[in-house]
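Biologist: Hi, I'd like to go through this model with you before I get back to the bench. Can you pull it up?

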Amino acid sequence: MSGIASVSFVARRAAQKERVRILYRRALRETLNWAVHRHLFYPDADALRERFEANRKVEDVETIDRLIADGEASYNKWRHPDPYIVPWAPGGSKFNRNPVPPEGIEIVYDYGKEEAELV
């Protein structure tokens, strides 16, 4: 029985580590939505890292689950209502700004050289 219990414990800890990693990465990306400029972002990112590092030595799996649940609730509470999207990324202001030309229209890229050919 102890072998099964230890396997279950290891699997649970691995799942917790994955959830913490995902939560940290999502929270770090969300911090960029609140502080777009890097000189504003770095102190916020350091504070976020300190919050995660403060609980690094916790070993009790129930406490870890509670901390993860609290962290996810805090993340969902403080999500930005209008997240920053890079302009050329999908959903950005420049994404697909210029539509594809309709069929039958020929685009000439000679930039004025076509007039010299007529003479």
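Biologist: Which residues are exposed on the other side of H2, away from its buried ones?
Modeller: On that side of H2, His 39 and Glu 50 are exposed. Exposed means over 50% relative accessible area, buried means under 20%, and partly exposed is in between, with a 1.4 Å probe and protein chains only. Keep in mind that this is a predicted model: local features need pLDDT of at least 70, side-chain atom pairs count only at pLDDT 80 or more, and totals for chains, interfaces and linings use all residues. Residues are numbered from 1 along each chain as its sequence is written, and side-chain values use heavy atoms, with hydrogens and water left out.

Biologist: And which residues of H2 are buried?
Modeller: Those are Phe 41, Ala 45 and Leu 48. They sit on the same side of H2, because they cover an arc of only 60° around the axis. The arc is taken from the directions from the helix axis to the C-beta atoms.

Biologist: How do you decide what a helix is?
Modeller: Helices are DSSP runs of H or I with at least four residues, and they are numbered from the N terminus.

Biologist: What span should H2 have?
Modeller: At 1.5 Å a residue, its 16 residues should span 22 Å, and the end C-alpha atoms are 22 Å apart, which agrees. The expected span is 1.5 Å times one less than the number of residues.

Biologist: Back to Phe 41, what does it touch?
Modeller: Leaving out residues up to four places away in sequence, Phe 41 touches Leu 28, Thr 31, Leu 32 and Ala 35. A contact means heavy atoms within 4.5 Å. Phe 41 counts as buried because its relative accessibility is 6%.

Biologist: How far apart are Phe 41 and Thr 31?
Modeller: They are 10 residues apart in sequence and 6.9 Å apart in space, C-alpha to C-alpha. Thr 31 lies in helix H1 and is buried, with a relative accessible area of 13%. Beyond its neighbours within four places, Thr 31 is in contact with Phe 41, Asp 44, Ala 45 and Leu 48.

Biologist: What does the Thr 31 side chain reach?
Modeller: The backbone oxygen of Ala 27, at 2.8 Å. A polar contact is a pair of N or O atoms within 3.5 Å; within protein, one must be able to donate a hydrogen and the other to accept it, and residues adjacent in sequence count only if both atoms are side-chain atoms.

Biologist: New topic: is Asn 33 buried or exposed?
Modeller: Asn 33 counts as buried, at 13% relative accessibility. Its place is in H1, which covers residues 2-34. The Asn 33 side chain reaches the backbone nitrogen of Tyr 84 at 3.0 Å. With residues up to four places away not counted, Asn 33 touches His 80, Pro 83 and Tyr 84.

Biologist: Which residues of H3 are buried?
Modeller: Val 61, Ile 64, Ile 68 and Tyr 75. Seen down the axis of H3, they fall within an arc of 55°, so they line one face of the helix.

Biologist: And Asn 76, where is that?
Modeller: Asn 76 is in H3, and at 47% relative accessibility it counts as partly exposed. Asn 76 and Ala 27 are 49 residues apart in sequence and 9.5 Å apart in space, C-alpha to C-alpha.

Definitions and conventions: Helices (H or I, at least four residues) and strands (E, at least two) are DSSP runs, numbered from the N terminus.
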